[in-house]
Amino acid sequence: MNFKSTLRIGTLVGLLLAIIAAGCRREGPAPVLPIGGDFTLTDHNGQPFELSSLRGKVVLLFFGYTYCPNECPTTLGKLSSVYSRLGQSASSLKTLYVTVDPDRDTPEVLKADLSYFAIDALGLTGTREQIDKVVRQYAAAYQIVPAPESKGRYTVAHTTTLYALDKAGQTRLTFPYQATVDQIVKGLEGLLDEPASGQNG
Amino acid sequence: MACIWDCRKRRGEVWYAVPFMLSRRIRRLFRLRTSCAGLLAVVLTACSGSSSIEEGHRLYDANGCASCHGREGHGDGPVSKGLATKPRDFQNIAAFKNGSTVSAIAKTLAGSFPNSAMPAYRNLTGNERISVAMYVTSLREGHAAGAPAVTAHDAWVRAPLPAHNDAAAYLVLENSTAEARALVGASSPIAAAVEMHRMSMEKGMMRMDQVQRIKIPAKGTAALDPSGLHLMIFGLKRKLAPGDALPLELKLDDGDTLSVSATVRNPGGAS
């Protein structure tokens, strides 16, 4: 066995050990993601809304529209299960539903539809410019798709990511549309356990 | 039922008198049975506000439809022999003068028929007429030469959210033939329009597109579920609550129609 091959084996063993060590390390707090930030919109009661007013609460945020027949009700249904699973600690959790269809989703429509679900949710709307700004902040996207032959006239294609913000308003976790209630609950428990002063890092 | 016979007799239609006399005892028995069943119908209807094939079956029996149209819907009921205008055989779609869809039949049931013994079923509510029409259509499909080629099952619909009168519906289409078939349209007597839509993920965005046909492979199934294809129900004429039923009529590429009753479920449900 020459020096070269010993070195090669040594590197391999070292790498393997490093991987094992990384796997065994206790999972640390989720890092702060470079997306998101404060914004101003109008809530479903017609009142101005500032994200900064929710400091001290964990926030779930997603984009959608109420004429969406499928994924928006599915997400809201899933969040109902998340709230009931969290029990008492859900009192520090606020859900924000930002519409990407402000023409049809008036505050009244948002309020009526959200009232159906047993979650502490606020529907948010605003001018197209205000909404577009929030969409950009969160690296989300949407697109109005005309449907001339449909009774619905148009649909809105949109990203379905669910964002979890910590008590300091920083974006910490994102969940894909397929995320299960378990995964969301687990992620939120970590954020809910953090002190209200926030986590910086 | 008894009323038609009496009215007919008063109009002096001789051809009626004979079966009328012969069937007097049967008639009396009938009247008793229908009134009991009718009472039951009223009670049951008061408790349920939706339409279904099962409800239609019950109403079909309770209103004496089988006495003329027959239990199996072949137009060969016990009193059919005495009628000048033969009762409709539900297999014979071409003979349905006012249309053979669920909505057309439901509408027909409310009308009157000057040249036949068919009464106007104005005693039934709109929902009940839809139920009877669904049952009539199901009788037709159940008989179609051996086994029905395409069947629809496990149909459900999300209850619309409070500010909406539209909803998404899902079902499974099963094709037992050796040829591919397609769903080319759908309607509901209680909705302004039913469209076929597909949800898909494109460039990271979830989008909806209207489609004109949904292929049902030979000896296979087409699933309409929350992950893709679905029916979009627009302009519902009444509120739907979990537990209700939404009558749907599906149109296939070969001209066949299928009736299916979709169970209304919680809007947040995923399956």
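This section describes the confidence, the chain A–chain B interface, the salt bridges and a set of paired strands in a predicted model. Residues are numbered from 1 along each chain as its sequence is written, and chains are lettered from A in the order in which they are written. Local features need pLDDT of at least 70, side-chain atom pairs count only at pLDDT 80 or more, totals for chains, interfaces and linings use all residues, and side-chain values use heavy atoms, with hydrogens and water left out.

Chain A has a mean pLDDT (the predictor's confidence in each residue, from 0 to 100) of 88, and 84% of its residues reach 70 or more. Residues 21-26 of chain A have pLDDT below 50, and this stretch has 0 contacts (heavy atoms within 4.5 Å) beyond near neighbours in sequence. Where pLDDT is low, the predicted coordinates should not be read in detail.

At the interface, 30 residues of chain A are in contact with 32 residues of chain B. The two chains bury about 2400 Å² between them (accessible area, 1.4 Å probe, lost on being put together and summed over both), and 63% of this area is on carbon and sulfur atoms. On the chain A side, the most area is lost by Pro69(A), Asn70(A) and Tyr116(A), which together account for 24% of what that side buries. Polar contacts (N or O atoms within 3.5 Å; within protein, one able to donate a hydrogen and the other to accept it, with residues adjacent in sequence counted only if both atoms are side-chain atoms) join 12 residue pairs between the chains, both residues being at pLDDT 80 or more. Elements of chain A (DSSP runs, helices being H or I of at least four residues and strands E of at least two, numbered from the N terminus) that each supply at least two residues to this side are α2 (71-86), α3 (107-114), β6 (142-147) and β7 (153-158).

Salt bridges (a side-chain nitrogen of Lys or Arg within 4 Å of a carboxyl oxygen of Asp or Glu) number 14 over all chains, with 0 across the interface of chain A and chain B. In chain A, Asp120(A) pairs with Lys94(A), the closest N and O atoms lying 3.0 Å apart. Asp120(A) is in the loop between α3 and β5 (121-125), whereas Lys94(A), 26 residues away, is in strand β4 (residues 93-99).

In chain B, strand β4 (residues 191-202) pairs (at least two DSSP bridges) with β8 (residues 229-236) through 7 antiparallel bridges; Arg198(B) stands opposite Leu229(B). β4(B) also runs antiparallel to β5 (residues 205-211), over 7 bridges, with Glu202(B) bridged to Met205(B). β4(B) and β5(B) form a hairpin with 2 residues between them, and Lys203(B) in the turn has a positive phi of about 50 degrees.
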